[in-house]
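Please open the model in the viewer and keep the selection panel at hand. The tour moves from the whole chain to individual elements.

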Amino acid sequence: MSIPTPAKSASPTGDPAGAPSASPPSGSPSGASTGPARAWLLLGDRLDQDDVTRELTTHLDAALGPDFAVVRTGSLVMGVRSGRLTLSTLTGTHVDPPEVVYARLPTPRLSADREITLLRHLRAMGALLLNPIDAVLSCVNKFWHLQQLAAAGLPVPDSVTYADAPLAAAVAASPFEPCVVKSVRGHRGDGVFLAPTVDALEDLSGCLRQEVPYLFQEYRASSHGRDLRVVVVDGRAVWSQVRTAPGRRLKANLARGGTATACPGRYPQAEDLACRAAGTLGLTVAGVDLLFLPDGAFDICEVNANVAWKAAATTVAPAVVRAVCDRLRPPAPGRPDGRAGRAAGADSGTPARR
């Protein structure tokens, strides 16, 4: 199957792209049925037009052809009918769940009542999620994955947060000076700043949004304005780059004007640490941000489940495609193989995680 550009990968009726027609099973919603695509790139709101989606679509289509589909979270309706879980389009067309789903979801707006409910539904219908639900949730809250990483003995900066204490009281209780302040639901550097003193932090506290808690973290002067981003796929570091902030700014996010210098293999200790972090959280595809320490070691700053990369990172999309293909079931006996997925573990060097 030739996948159109992501903006056109679903029909005008909202049907997911990607499969020939088939007869609807008993109890399915009324309307024509779409046959199953074996692998989905599932896109959350506003993620169907970015460069990463285009690159992944191109590579997945080349590898899987009609076994691949681009599907948007907003095009699906979940249901329970006669004791069976169902999935359909907005127009009532039955949709068979895929074997494997790689979901790209908007981290700041991710909701347990919306996107996570859909992932739960797909999992319950037998789909394998490349990044499991618990792992995705751990990355939504910056303190959640610090909890898991620290419990596993991995190095993270000293940090504190709070439950329902008043914000002013939580600010006053921060033990760090200077102090890095982060919203636990921030994204691309939003809600992150450096407070040089406790007094400055208290002066700024009245300007902070109180919808979610904040994280107060030890400042690493040795990593001011720079960090190391490592992309991990299936337990391997497939790309790394040093990100550098413009001028004397703190945040090196590319979305904030930072620049990236490719450095695959230059920091093997950091790449190993990033792989351990992704494995601890259960992520197959992860972006791990590391802070430089004065002695040459690294702290794990944060881990991202919704990974973005630039065109120069040519090794990432093929690695994601390989991870998807390695999890597809072998074709049934007698079925033409075509470009369908390989058996688990094939051509990967390591067993596929299940």
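The stops below begin with the complete chain and then turn to selected helices.

This is a predicted model, in which local features need pLDDT of at least 70, side-chain atom pairs count only at pLDDT 80 or more, and totals for chains, interfaces and linings use all residues. Numbering starts from 1 along each chain as its sequence is written, and side-chain values use heavy atoms, with hydrogens and water left out.

Select the entire protein chain, which contains 8 helices and 17 strands; these are DSSP runs (helices: H or I, at least four residues; strands: E, at least two), numbered from the N terminus. Of its 354 residues, 50% are buried, that is, under 20% relative accessible area with a 1.4 Å probe, protein chains only.

Next, select helix 8, residues 316-326, where 9 of the 11 residues are buried. Among them are Val-316, Ala-319, Val-320, Ala-323 and Asp-326. Now display the elements that cover these buried residues, including helix 1 (51-64), strand 3 (39-43) and strand 16 (285-292).

Finally, select helix 4 (residues 142-151) together with helix 7 (residues 268-281): their axes come within 10 Å and cross at roughly 105°. The two helices are therefore roughly perpendicular to each other, a class that spans 65 to 115 degrees. Show the side chains of His-145, Gln-148 and Leu-149 in helix 4, and of Ala-277, Thr-280 and Leu-281 in helix 7, which make the contact (heavy atoms within 4.5 Å).

How values were computed:
Axes are lines fitted to C-alpha atoms, for helices over the stretch in contact, and angles run from 0 to 180 degrees between N-to-C directions. Angles under 35 degrees count as roughly parallel, over 145 as roughly antiparallel, 65 to 115 as roughly perpendicular and the rest as oblique.
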